[in-house]
Amino acid sequence: MKRLSILFTLLMFVSFGLWAQGLQITGNVVSADDGSALPGVTVIVKGTTVGAVTDFEGKYTITVPEGNETLVFSFVGMQTQD
């Protein structure tokens, strides 16, 4: 019974930690000119150091902390977009 109580307590703390992580956003960055994928675009949550880089197909996944709602996209040779 004591082991079950300890296990339940640990699972409870782990679940609270996962719940407080924020929102996971996935997306695909493409060129406005021709719709081609843009690999290597930096995606950052504005005002934080949380970020990701798009893969070869222009796809990214980022976990946005609670209270933040703006993503900043930057790419060499193009204008930064919020």
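Reader: Why is Tyr 60 called buried or exposed, whichever it is?

Author: Tyr 60 has a relative accessible area of 9%. Buried means under 20%, exposed over 50%, and partly exposed in between, with a 1.4 Å probe and protein chains only, so Tyr 60 counts as buried. A word on the background: this is a predicted model, in which local features need pLDDT of at least 70 and side-chain atom pairs count only at pLDDT 80 or more, while totals for chains, interfaces and linings use all residues. Residues are numbered from 1 along each chain as its sequence is written, and side-chain values use heavy atoms, leaving out hydrogens and water.

Reader: What makes Tyr 60 and Phe 73 an aromatic pair, and which kind are they?

Author: Rings of Phe, Tyr and Trp (its six-membered ring) pair if their centres lie within 6.5 Å; planes under 30 degrees apart are stacked, over 60 edge-to-face, and the rest tilted. Here the centres are 5.8 Å apart and the planes meet at 75°, which makes the pair edge-to-face. Tyr 60 sits in strand 4 (residues 59-64) and Phe 73 in strand 5, so the pair ties together parts 13 residues apart in sequence. Strands (E, at least two residues) are DSSP runs, numbered from the N terminus.

Reader: How do you know whether Phe 73 is buried or partly exposed?

Author: Its relative accessible area is 22%, so Phe 73 is partly exposed.

Reader: Why is the contact of Lys 46 with Asp 82 called a salt bridge?

Author: A salt bridge needs a side-chain nitrogen of Lys or Arg within 4 Å of a carboxyl oxygen of Asp or Glu. The closest N and O atoms of Lys 46 and Asp 82 are 3.0 Å apart, so the definition is met. This pair links distant parts of the chain, 36 residues apart: Lys 46 is in the loop between strand 2 (42-45) and strand 3 (51-53), and Asp 82 is in the segment after strand 5 (71-74). Lys 46, at 46% relative accessibility, is partly exposed, whereas Asp 82, at 57%, is exposed.

Reader: What makes Glu 57 and Lys 59 a salt bridge?

Author: Their N to O distance is 3.5 Å, and that fits the definition too. Glu 57 is partly exposed at 45%, and so is Lys 59 at 43%. The whole structure holds 2 salt bridges.

Reader: How do you know how many charged residues line the largest pocket?

Author: Asp, Glu, Lys and Arg count as charged; Ala, Val, Leu, Ile, Met, Phe, Trp, Tyr, Cys and Pro as nonpolar; and the others, Gly among them, as polar. By that sorting, the lining has 9 nonpolar, 4 polar and no charged residues.

Conventions:
Helices (H or I, at least four residues) and strands (E, at least two) are DSSP runs, numbered from the N terminus.
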